Amino acid sequence: MALEMTTDTESAMNTMMSAPPAISAEGETLKMRGRDVKVFYGNKQALHGVDLDVRKNQVTALIGPSGCGKSTFLRCLNRMNDTIDICRVQGDILLDNDDVYDPRIDVVELRARVGMVFQKPNPFPKSIFENVAYGPRIHGLAQGKSDLEDIVASSLQRAGLFEEVKDRLDEPGTGLSGGQQQRLCIARAIAVSPEVILMDEPCSALDPIATAKVEELMDELRQNYTIVIVTHSMQQAARVSQRTAFFHLGNLVEEGLTNDIFTNPKDQRTQDYITGRFG
Amino acid sequence: MFWTYAALLLLVFVTANVYGRFRAMQVAGRQLSALHSRPSYHGGYLAILAALPAFVLLIAWAVVEPRLLDTMVISAKAEIVEGLSKAELQAFLRDARAIAFGGIVAFSDAGKEQAAEVFSSLAQTSFFLKTTLIIALVAGGLWYGNRTITPAMRARHFVERTVMGLLILCSAVAIFTTIGIVLSLIFESLMFFRQIPILDFVFGTHWSPQSAFEGAGAEHGEANTEIFGAIPLLVGTMLITAIAIFVAAPVGLLSAIYLSDYASTPVRAIAKPVLEILAGIPTVVYGFFAALTVAPFIRGWGESIGLSVSSESALAAGLVMGIMIIPFVSSLSDDVINAVPQSLRDGSAGLGATKSETIRRVVLPAALPGIVSALILAISRAIGETMIVVMAAGLAANITVNPLEAVTTVTVQIVTLLVGDQEFDSAKTLAAFALGLLLFCITLALNIFALRVVKKYREQYD
């Protein structure tokens, strides 16, 4: 896969961004759109043509049994699958009106716009401050030292971590508790001002109290960001998301308002999964 | 004789093993599951009981017997050996043995004939005693083992414990050998420091021990304490090591980064073993490569731009040594870079960092302690390397940091001090031990430091 930055990337993006945003039937802005997305790992097909929209300023939950392709789909949204050699992606994924797999798109810029929080908290073995400052530094977002400090402080504040760590920003990020580490990773993602935040089972390594904090945080972040979350916990999907998509065996079975999916599923497989009959 | 007995005991071991297994099955009757241990453990139990004590006795006998015989012969023939010097006594015993057991006799006389008779009669007694004891031990072991094989017998525990004992014994051999070598270094060095003050040795700036006793041995008198200064050797060693690290660190580290993060799987599968082949080239081959190819090349190159280069230069030896230790740096660094969790790379990539930014800002800082320890291990390897510097660095003990001049190293001087005929109590020879001790202390300190860094590194991610 070609990752080279082309000279006309920026101009291409600018012209495309000026086009009017896609609107759903309900009049909501569609931040990302997947059309007929197929993913192959070597000869094994992991996704069989998925059409899924992500609405702006909403939390979209992807649920389904293990190996159903929900994480694979999530990782297509910011091309994290590029790091896997044998992975091939077909179909279109649009961020606003830009095809993220367009060779003219710079993957670095894409990931600055579509940030990611991982399953296991993965703070860098650096200080708390440096963890958050990492993104702004590599993208040159800060004008000088005080600006950088402001970005770090506000990111930590928005991640709900600032009060707990403000006196020890120089201590290593790895020394925090699991829940704090995960919020640090969220702060780290926020610091580059992304438009979309992808979360891959962000609470599966956390205890219930830390989970509650992160869920609360997601609800606040929704005001400014668009969030896509993969989760194994149906309670979590029901609590935090506005829309839910159910994946099964590499297919998108059903997508709709979270409330509808959990109270009135249209597909028998969704019904079976949410009532715990399989999965 | 020893090997015959050893072979017989091996036979006993195998037979007892088979019989023990058979016996256990017989005792168990039809219900094999009634046995506490599997039949093969009973076989091992009986075999160990039958053969091991006898084998230990056999080895002990082989170690003690010759000395015991000598002592007994000397005390029996005290009137003959009286007044002989140590060397004469040894020659006497050697000849007497040769007469008794066959061999080349220097010259024989009546005294030696008599001693030989004592030798052969004692040897005969020893032989009978040994054989009787071994047979008794084997028979006793077999009898006791056979009697104790019952379904409830914990043969597995016995066998496992014996195996553990064997493992401990083997590791003890390695440890005690190391301790022995260090102690011998220390004692010989102490003898050296009795003649040459330790401060003159460690801080002296003049090294020319070859001229210490021109035309004379130790009886010449006091050693000249001025000519055993180790500083020129240390400077030479440091200079060559620095050049080697200057070559190996960037090349090794960058190739490690390429191999771990950029190379595709097929490239890595070929390139890594090829790099490691460098470590398998005998150092003497590197040595003549340095002396015959690199050194003349550097000399020619230096002359072409108007520099005077000695034909044996620190640069040639250092460059080739650097190439030699590349695989140490690259292989160890590759391991620590690979040990940095993929999740950190993903985290960085997820923030929009490029591959090189990820490596520079996340992977390398995380792997730094491991890389440092890899470099330190490579340095201690370079300090101890001998063959390349013997062949390419020269013998002149200059204090210089000019890489185009000839220098000499600690290891080179140890070699030259010990090559040829030596008196083992002259200061010149003992200086080699002192140098060895110095070298050992330096590399030990470096290794301890490296291990500490690695230990700290291991705690990093959890």
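This is a short tour of a predicted model, one selection at a time.

**Stop 1: the sheet in chain A**

Select strands E1, E2, E4 and E5 of chain A. You're looking at an open sheet whose strands sit in the order E2-E1-E4-E5, with antiparallel pairing. A bit of background helps here: strands in a sheet pair through backbone hydrogen bonds, and they can do so either parallel or antiparallel.

Now find the edges. They are E2 (44–55) and E5 (98–99) of chain A, and each of these pairs on one side only. Zoom in on E5(A): two bridges tie it to E4 (residues 87–95) of chain A, and the two run antiparallel. Want a pair of residues to click on? Pick Leu95(A) and you'll find that its bridge partner in E5(A) is Asp98(A).

Next, add residues 70–77 of chain A. That's helix H2, which packs on the sheet and touches E1 (30–41), E2 and E4 of chain A. Compare directions: H2(A) makes about 120° with E1(A).

**Stop 2: two crossing helices**

Stay in chain A, and select H4 (residues 128–139) together with H7 (residues 178–190). Their axes come within 7 Å and cross at roughly 35°. The crossing is right-handed.

Which residues make the contact? From H4(A), show Ile128(A), Asn131(A), Val132(A), Tyr134(A) and Gly135(A). From H7(A), show Leu184(A), Ala187(A) and Arg188(A). Colour them by class and you'll get five nonpolar, two polar and one charged.

**Stop 3: chain B as a whole**

Switch to chain B and zoom out. How many helices and strands does chain B have? There are 16 helices and zero strands.

Turn chain B around to get a feel for its outline: the C-alpha trace spans about 80 × 75 × 35 Å along its principal axes. Its radius of gyration is 32 Å, whereas a compact globule of 462 residues would be near 23 Å. Of those 462 residues, 37% count as buried. Look at the contacts inside chain B, too: among those between residues at least 6 apart in sequence, 75% join residues at least 24 apart.

**Stop 4: where the chains meet**

Finally, show both chains. Here 17 residues of chain B are in contact with 24 residues of chain A. On the chain B side, select H12 (342–350) and H13 (355–384), each of which supplies at least two residues. H12(B) gives the largest share, six residues. By class, the chain B side divides into eight nonpolar, six polar and three charged residues.

Key. Residues are numbered from 1 along each chain as its sequence is written. Chains are lettered from A and ligands numbered from 1 in the order in which they are written. This is a predicted model: local features need pLDDT of at least 70, side-chain atom pairs count only at pLDDT 80 or more; totals for chains, interfaces and linings use all residues. Axes are lines fitted to C-alpha atoms, for helices over the stretch in contact, and angles run from 0 to 180 degrees between N-to-C directions. Helices (H or I, at least four residues) and strands (E, at least two) are DSSP runs, numbered from the N terminus. A crossing is left-handed if the near helix is turned anticlockwise from the far one by less than a right angle, and right-handed if clockwise. Two residues are in contact if their C-beta atoms, placed from the backbone, lie within 7 Å. Ala, Val, Leu, Ile, Met, Phe, Trp, Tyr, Cys and Pro count as nonpolar, Asp, Glu, Lys and Arg as charged, and the others, Gly among them, as polar. Two strands pair if DSSP finds at least two bridges between them. The radius of gyration is taken over C-alpha atoms; the globule rule is 2.2 Å times the number of residues to the power 0.38. A residue is buried if 20 or more other C-beta atoms lie within 10 Å of its own, exposed if 12 or fewer, and partly exposed in between; C-beta atoms are placed from the backbone.
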